[in-house]
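Please open the model in a viewer and keep the selection panel at hand. The tour below proceeds from one selection to the next.

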Number of protein chains: 2
Amino acid sequence: MSDSADSTGTSPVLVTARRARAAAAELAPLPRTARDAALLAVADALTERAAEIVEANARDIERARAAGTADAIVDRLTLTPRRIAAIAADVRDVVALPDPVGEVVRGSTLPNGLELRQVRVPLGVVGIIYEARPNVTVDAAALCLKSGNAVLLRGSSSAYASNTALVAVLRDAVAGAGLPADAVQLVPGEGRESAHELMRARGLVDVLIPRGGETLIQTVVRESTVPVIETGVGNCHVYVDELADLDMAVDILVNSKAQRPSVCNAAETVLVHAGIAERFLPRALAALTEAGVRVHGDEAWQKAGLDAGTEVLPATDADWETEYLGYDIAAAVVPTLDAAVAHIRRWTSGHTEAIVTRDTAAARRFVSLMDSAAVMVNASTRFTDGGQFGFGAEIGISTQKLHARGPMGLPELTSTTYVVTGDGHLRE
Amino acid sequence: MSDSADSTGTSPVLVTARRARAAAAELAPLPRTARDAALLAVADALTERAAEIVEANARDIERARAAGTADAIVDRLTLTPRRIAAIAADVRDVVALPDPVGEVVRGSTLPNGLELRQVRVPLGVVGIIYEARPNVTVDAAALCLKSGNAVLLRGSSSAYASNTALVAVLRDAVAGAGLPADAVQLVPGEGRESAHELMRARGLVDVLIPRGGETLIQTVVRESTVPVIETGVGNCHVYVDELADLDMAVDILVNSKAQRPSVCNAAETVLVHAGIAERFLPRALAALTEAGVRVHGDEAWQKAGLDAGTEVLPATDADWETEYLGYDIAAAVVPTLDAAVAHIRRWTSGHTEAIVTRDTAAARRFVSLMDSAAVMVNASTRFTDGGQFGFGAEIGISTQKLHARGPMGLPELTSTTYVVTGDGHLRE
């Protein structure tokens, strides 16, 4: 596509984007063998050059500690030889995945003899804007290379030294394998301005994928003229139906909420059918409390808390809306399945909702009325994940409806082209 | 998805969008039979109420004539009982198409026994912003209803009376068949402000599809916070390779350019390999001239024009960029296939490119280096069309890479949801 007015400047970001575009044109016709060889070279180089990566990472850690960053965040930022080896192993796993490029998605011979094939092709230039963890730098680059795309990486300033070192290793390995080094680039600059320029590089960048918290994602959605794939915000619900197996419901609720509360597929709200509330609420409260979860409940839950001697905080609209990402859950009793549906449609971020029921009609109705990326029937919300779904890798979980919805694997990093072959065919 | 800050107002447009959202929730769980019955009722009603539609249309025509509108445009605006019957017949054709909703795109049983299905679901609320032709009102509504979507129609003010009458007929028929009337709505207001509000109704409208000229499309792309599918701008190229069959090349060139020059899949530029220019240019010039086509050529083409006594206008960058949509073509001679590729990648709108060659290696290289929605090998660019591709219907031709690329049929009006069924499955 020809460059738009937005992308004619000569700033470092736009120069970088234009190099990525040129690299993408070189990558597009390469066969799988060439891309896989580059990825194997990347995996080797990461292990071989672990020392210099760790050294750069130490500078980021020092800066983070000096700024009083919390230990948990410093830990996520930290790279060790062992962690680098694990990242390299992940790259090798990506090599082994099926090649999405060139897959014939649809094909037929038309009545006039024209041969029609819809073929997967790389998107071109993929921009990733992400926070903290430097492992994303390598993961994202590997998935983009595997799918034939050039990648522009815009990590957080807190990991700038680590990302710079990682990208240097990646570029050397890619170039050593005969691919254009500019297939992998760090977006220059640490300030907001460089991210903003990336968002306006329509015509140069084919898609932007923000990975991080809701503020980051909403900023990109609002400010970007480049097409965006929204990822990861998960206000997930568990609905316990009147005909639920209560043991199963307690287990699914606790697993959905507390197995790993910091991630997007963790549950944030539980809705319980009034017909079983009296039996279910005391058991749920006991199990949630034992798992260290605070309940923010409606009147029914507050009353159950009083009866059980467990504190239940009063829930407000803010609770229905919040992605706690921690040991808190919002809780309400609903008169009917349809009331649960209405609540979820009102408040969900469109990630994952679960129903627990033995009633096939209730399951069918719930599934048909949801408007989310994934719906679980008698299973934990925590299963919405590219690895769990068997995709082998995941660049993020889309909570939007266009192009990709739910866990995004390699096919979601491609577009398609119609290739039509004739023998002098003319339109009449 | 919960309403965003953009969509909390109480303007007539947002009230309409909110009604559409409620209608979409009602439509989503309906089976095909219900949607098909509504479409058949629409087809019947159009024929039965043709008189009142023609009467409303007469007011638009009168206004257009009073404003001195060109005859060709008045003709496109005109509805007659016969044209209305043809529109109704098109609706019946849509009824007969396969249902995209509920199709299982991908499915498996995971190692832990979870049953995974990726199922097509309606997008929800589809907004169409379009120009002139009132038949688009019915076509777009029919395709959206068939795919389970509510539709917001924003036609041009020149067809406001016609569109109002058509939508009244559609709504009555839809409601009579037991579906929510608000599944089909005209966006209130004729001014720019109402279109602009529609573009900002993120969270209420799931996708906007602009259909019309480049100015309209670029405005929507630039101003919309709702995801947009770009359609229809076609700066299409025909490349005549050194090893082309020259008879075939002349025929494909003339067909691509002149069979119907006003549409997006008509060719706008021809590139000719230097090795055959001397033999090809005189023949091409003669054939193009006979078809009434003016050539805007580079020096080689201008020289060929002088030799043949045919006027060839000098081409500038503006010509390489222009979608003439008429009897004009830009023309250049290129030293190599790769030079043709570079020209096309620089100037194309990403719609359709064609190569004419007998050389399989050249065809393969050309196809692998294009970055457009469709690539023709030895066939006219005019074949990029949902009807020609056998899709049965088309809501537009996407020239972007995300979600849909090329002719968009019913599946492109859907998203997907992962439905995961277990038996108390927990994540470990």
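In which sense, left-handed or right-handed, does α10(B) pass α11(B)? The tour reaches that crossing at its last stop.

The model is predicted: local features need pLDDT of at least 70, side-chain atom pairs count only at pLDDT 80 or more, and totals for chains, interfaces and linings use all residues, while side-chain values use heavy atoms, with hydrogens and water left out. Residues are numbered from 1 along each chain as its sequence is written, and chains are lettered from A and ligands numbered from 1 in the order in which they are written.

**Chain A and its copy**

Select residues 11-231 of chain A, which form domain 1, and then 236-383, which form domain 2; these bounds come from an automatic or database domain assignment. The centres of the two domains of chain A, taken over C-alpha atoms, are separated by 36 Å.

Next, display chains A and B together. A turn of 180° with a shift of 0.0 Å along the axis lays chain A on chain B with an RMSD of 0.0 Å (least-squares superposition on the C-alpha atoms of residues with pLDDT of at least 70 in both). The two copies are thus related as by a two-fold rotation axis. Both copies use the same surface, since 100% of the contact residues of chain A recur in chain B (contact means heavy atoms within 4.5 Å). To locate the axis, select A:His403, the residue of chain A that comes closest to it, at 1.7 Å (C-alpha).

**The sheet of chain B**

Now select the four strands of the open, parallel sheet of chain B, ordered β5-β4-β3-β6. Strands (E, at least two residues) and helices (H or I, at least four) are DSSP runs, numbered from the N terminus; two strands pair if DSSP finds at least two bridges between them. The edge strands are β5 (184-186) and β6 (207-211) of chain B. Strand β3 (residues 125-130) of chain B pairs with β6(B) over five bridges, and B:Tyr130 has B:Arg211 as its bridge partner in β6(B).

Add helix α9 (residues 214-223) of chain B, which lies across β3 and β6 of chain B at about 160° to β6(B) (axes are lines fitted to C-alpha atoms, for helices over the stretch in contact, and angles run from 0 to 180 degrees between N-to-C directions).

**The helix crossing**

Finally, select α10 (residues 246-258) and α11 (residues 274-290) of chain B, whose axes lie 10 Å apart at an angle of about 40°. The crossing of α10(B) past α11(B) is right-handed (the near helix is turned clockwise from the far one by less than a right angle). Among the contact residues are B:Leu253 of α10(B) and B:Phe280 of α11(B).
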